[in-house]
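Here are some notes for a colleague who is meeting this structure for the first time. They are set out as numbered points, to be read with the sequence and the structure at hand.

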Amino acid sequence: MPNDHVAFENKDYYIEVGLNIAFYRKRVGMTQDNLAEKVGLSRSHLSAIEAPNIIRPFSMEALFNIARALNVEPYKLLQFRE
């Protein structure tokens, strides 16, 4: 199984995480460019992570760095709405 494979049943989780990242990023008034630079990602990669129509796998390291840059606990990025 390739590293970028996402099981069908997990796709909604990736979408939720991306939406949470976008929510907290906007809440602190950061642009995608600002956040991407702060965490060492390209803007296009961050944009794909946040986009609800794209499933973009990314590392836990990236998740932790994003949470730190947004000044939120990592678990908040993993909280899913019902």
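Leaving aside its neighbours within four places in sequence, with which residues is Gln 32 in contact?

1. The residues in question are Arg 25, Arg 43, Leu 46, Ser 47 and Glu 50, once the neighbours of Gln 32 within four places in sequence are set aside. Please keep in mind that this is a predicted model. Gln 32 lies in helix H2, and its side chain is joined to that of Glu 50 by a polar contact of 2.8 Å. With a relative accessible area of 18%, Gln 32 is classed as buried, because that class takes in values under 20%.

2. Arg 25, one of the residues in contact with Gln 32, deserves a point of its own. Arg 25 lies in helix H1 and is buried, at a relative accessible area of 7%. A polar atom of the Arg 25 side chain lies 2.9 Å from the backbone oxygen of Met 30. Not counting residues up to four places away in sequence, Arg 25 touches Met 30, Thr 31, Gln 32, Leu 35, Glu 50 and Leu 70, so that Glu 50 appears among the contacts of Arg 25 as well as among those of Gln 32.

3. Glu 50 also leads to helix H3, which spans residues 43-50 and whose buried residues are His 45, Leu 46, Ala 48, Ile 49 and Glu 50. Among the elements that cover these buried residues are helix H1 (11-27), helix H2 (32-39) and helix H4 (60-70).

4. The largest nonpolar core has 18 residues, and those with the most contacts inside it are Ile 21, Leu 35, Phe 58, Ile 66, Leu 70 and Leu 77. The elements that give two or more residues to this core are H1, H2, H3 and H4, and H4 gives the most, with six residues. As general background, nonpolar side chains tend to be buried together in soluble globular proteins. Leu 35 and Leu 70, both named here for their contacts inside the core, are also touched by Arg 25.

5. Phe 58, another of the residues with the most contacts inside the core, touches Tyr 14, Val 17, Ile 21, His 45, Ile 49 and Leu 63, not counting residues up to four places away in sequence. Two of these, His 45 and Ile 49, are buried residues of H3, while Ile 21 is itself named among the residues with the most contacts inside the core.

6. Which residues line the largest pocket? The lining is made by Tyr 13, Tyr 14, Val 17, Phe 58, Ser 59, Met 60, Leu 63 and Leu 78, and the volume of this pocket is about 170 Å³. H1 and H4 each supply at least two residues of the lining, with H1 giving the most, namely three. By class, the lining has seven nonpolar residues, one polar residue and no charged residues. Phe 58 therefore belongs to the pocket lining and is also named for its contacts inside the core.

7. Phe 80 is found in the segment after helix H5 (74-77) and is partly exposed, with a relative accessible area of 34%. Leaving aside neighbours within four places in sequence, Phe 80 is in contact with Tyr 13, Glu 16 and Val 17, and of these Tyr 13 and Val 17 are among the residues that line the largest pocket. Phe 80 and Lys 26 are 54 residues apart in sequence and 18 Å apart in space, taken from C-alpha to C-alpha.

8. Is Phe 8, in the segment before H1, buried or exposed? Phe 8 counts as exposed, because its relative accessibility is 70% and the exposed class begins over 50%. The C-alpha atoms of Phe 8 and Asn 65 are separated by 26 Å, and the two residues are 57 residues apart along the chain.

9. The loop between H4 and H5 holds Asn 71 and Glu 73. Asn 71 has a positive phi of about 60°, although it is not a glycine, and this residue is exposed, with a relative accessible area of 71%. Glu 73 counts as partly exposed at 49% relative accessibility. Glu 73 and Ile 55 are 18 residues apart in sequence, and their C-alpha atoms are 23 Å apart in space.

Note on methods: Residues are numbered from 1 along each chain as its sequence is written. This is a predicted model: local features need pLDDT of at least 70, side-chain atom pairs count only at pLDDT 80 or more; totals for chains, interfaces and linings use all residues. Side-chain values use heavy atoms; hydrogens and water are left out. Buried means under 20% relative accessible area, exposed over 50%, partly exposed in between (1.4 Å probe, protein chains only). Helices (H or I, at least four residues) and strands (E, at least two) are DSSP runs, numbered from the N terminus. Contact means heavy atoms within 4.5 Å. A nonpolar core is a set of buried Ala, Val, Leu, Ile, Met, Phe, Trp, Tyr and Cys residues joined through side-chain atoms within 4.5 Å. A polar contact is a pair of N or O atoms within 3.5 Å; within protein, one must be able to donate a hydrogen and the other to accept it, and residues adjacent in sequence count only if both atoms are side-chain atoms. On a 1 Å grid over the protein atoms alone, a cavity is a set of points where a 1.4 Å probe fits but cannot get out, and a pocket is an open set with protein on both sides within 12 Å along at least five of seven lines; lining residues have an atom within 4 Å of a point. Grid points are joined across faces, edges and corners, and a volume is the space filled by probe spheres set on the points. Ala, Val, Leu, Ile, Met, Phe, Trp, Tyr, Cys and Pro count as nonpolar, Asp, Glu, Lys and Arg as charged, and the others, Gly among them, as polar.
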